Amino acid sequence: MADPTGPGDPPRRLLIVEDDRELTRMLAGLFAEQGYAVDLAAEGQRGLHLGLSRDYDALIIDRGLPVLDGVELLRRLRGRGITAPALVLTGYGSLADRVAGLDAGAEDYLVKPFEIDELLARVRALHRRHLDRAQVLPLGAGRLDPGSRLVSLPTGEHVELSGREARLLMALATRPAQVHTRASLRQRVFDEARTESIVDTYVYYLRAKLGADVVRTVRGVGYRLGKL
Ligand code: CA
């Protein structure tokens with residue numbers, strides 16, 4: 001099966017929240033084989049903690065979880081501005097269950113037991129839809145085209161970003177309501193870097209190119225998207 005990431009791309013980060021250990025082990029191995037970086041949580045509170053503290057490209061959340069059920073977990077993540085696409089696994093196939101999951105902010109759901117190929121296809125589709133939506137990202141009165149790495153300024157001028165600058169700005173702009181910790185940005189954008197100071201360096205570069213307001217510092221927490 002095809003690797004979901006191209007050569008040189010950072011691995012896609014996936015969070016799986018599932019209390020069935022055997023299923024979790026199987027899914028973790030499967031997605032790791034496909035080139036994903038996988039984090040696991042066996043109950044809802046841990047899933048909430050990970051979902052809020054790290055950036056993920058997709059979430060797979062079991063509906064029936066101890067401590068905090070999957071629907072409530074997703075509702076809380078969405079309430080805190082986490083927009084990573086989510087697929088809910090449910091043991092029940094009733095319309096009410098499906099509606100509850102979608103109402104809480106899931107993009108898709110799958111009824112257990114499911115075929116593995118079906119799950120892989122659904123998760124790939126989640127990525128595609130997410131990327132399509134993210135093709136041009138608004139930055140206040142300007143916008144970023146991740147494909148060309150060009151930022152259109154409100155004045156009509158264009159500024160070209162380096163690959164790392166564009167990835168950092170994309171990470172902020174795809175979750176504009178969220179405050180990102182330096183640790184989560186380092187992990188997401190500069191996976192190979194050992195220290196979080198690289199995040200500060202690239203924030204400095206972005207501000208030098210696009211103006212001081214493009215990235216806001218949230219004292220004691222990290223950074224969030226500003227405005228052009
Ligand atoms: Ca369960």
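Trainee: What makes strand β11 and strand β12 a pair, and in which sense do they run?

Mentor: In this predicted model, β11 (residues 215–218) and β12 (residues 222–225) are joined by four bridges in the antiparallel sense. Pairing requires at least two bridges, so four bridges satisfy the criterion. Within the pair, V215 stands opposite L225 in β12, and R216 stands opposite R224 in β12. The hairpin of β11 and β12 has three residues between the strands, and G220 takes a positive phi near 80 degrees there.

Trainee: Why are β10 and β11 said to stand at the edges?

Mentor: The open sheet of three strands has the order β10-β12-β11, with antiparallel pairing. β10 (180–181) and β11 each have a single partner strand, so one side of each is left without a neighbour in the sheet. Two helices also meet these strands: α8 packs on the sheet, touching β11 and β12, and its direction makes about 140 degrees with that of β11. Helix α6 lies across β10, β11 and β12, running at about 80 degrees to β12.

Trainee: Why are α6 and α8 called roughly perpendicular to each other?

Mentor: Helix α6 (residues 163–173) and helix α8 (residues 197–210) pack at an angle of about 95 degrees, with their axes 10 Å apart. Angles of 65 to 115 degrees count as roughly perpendicular, and therefore α6 and α8 receive that description.

Trainee: Which residues form the contact of α6 with α8, and how do they divide by character?

Mentor: From α6 come R164, E165, L168 and L169, which meet I198, V199, Y202, V203, Y205, L206, K209 and L210 in α8. The contact divides into nine nonpolar, no polar and three charged residues.

Trainee: How do you know that helix α7 is mostly covered?

Mentor: Six of the eight residues of α7 (residues 182–189) are buried, namely S184, L185, R186, Q187, R188 and V189. The term buried requires a relative accessible area under 20%. These buried residues pack against β1 (12–17), α2 (44–53), α6, β10, α8 and β12.

Trainee: What makes D19, D62 and G64 donors of the calcium ion?

Mentor: The protein donors are D19 (OD), D62 (OD) and G64 (O), lying 2.1 to 2.3 Å from the calcium ion. The cut-off for calcium is 3.2 Å, so these distances fall within it. Along the chain, the donors follow the spacing D-x42-D-x1-G.

Trainee: Why is D62 called buried, and what is G64 called?

Mentor: D62 has a relative accessible area of 3%. The limit for buried is under 20%, so D62 qualifies as buried. G64 is at 39% relative accessibility. That value lies between 20% and 50%, so G64 counts as partly exposed.

Trainee: Why do β6 and β9 count as edge strands of their sheet?

Mentor: This open sheet of four strands has the order β6-β7-β8-β9, with antiparallel pairing. β6 (137–139) and β9 (158–160) each have a single partner strand, so one side of each is left without a neighbour in the sheet. Neighbouring strands of this sheet are turned by 25 degrees against each other on average, direction ignored.

Trainee: How do you know that β6 pairs with strand β7, and which helix packs on this sheet?

Mentor: Three bridges join β6 to β7 (residues 142–145), and the two run antiparallel. At least two bridges are needed, so the pair meets the criterion. One bridge partner is G142 in β7, which is set against L139. Helix α6 packs on the sheet, touching β6, β7 and β8 (150–152), and its direction makes about 85 degrees with that of β6.

Terms used
Residues numbered from 1 in each chain as written. Predicted model: local features only at pLDDT ≥ 70, side-chain atom pairs only at ≥ 80, totals over all residues. Heavy atoms only, no water. Axes fitted to C-alpha atoms, helices over the stretch in contact; angles between N-to-C directions. Parallel < 35°, antiparallel > 145°, perpendicular 65-115°, else oblique. Contact = heavy atoms within 4.5 Å. Nonpolar A, V, L, I, M, F, W, Y, C, P; charged D, E, K, R; others polar. Donors = N, O, S within 2.8 Å, 3.2 Å for Na, K, Ca; no water. Buried < 20%, exposed > 50% of the residue type's maximum accessible area, 1.4 Å probe, protein only.
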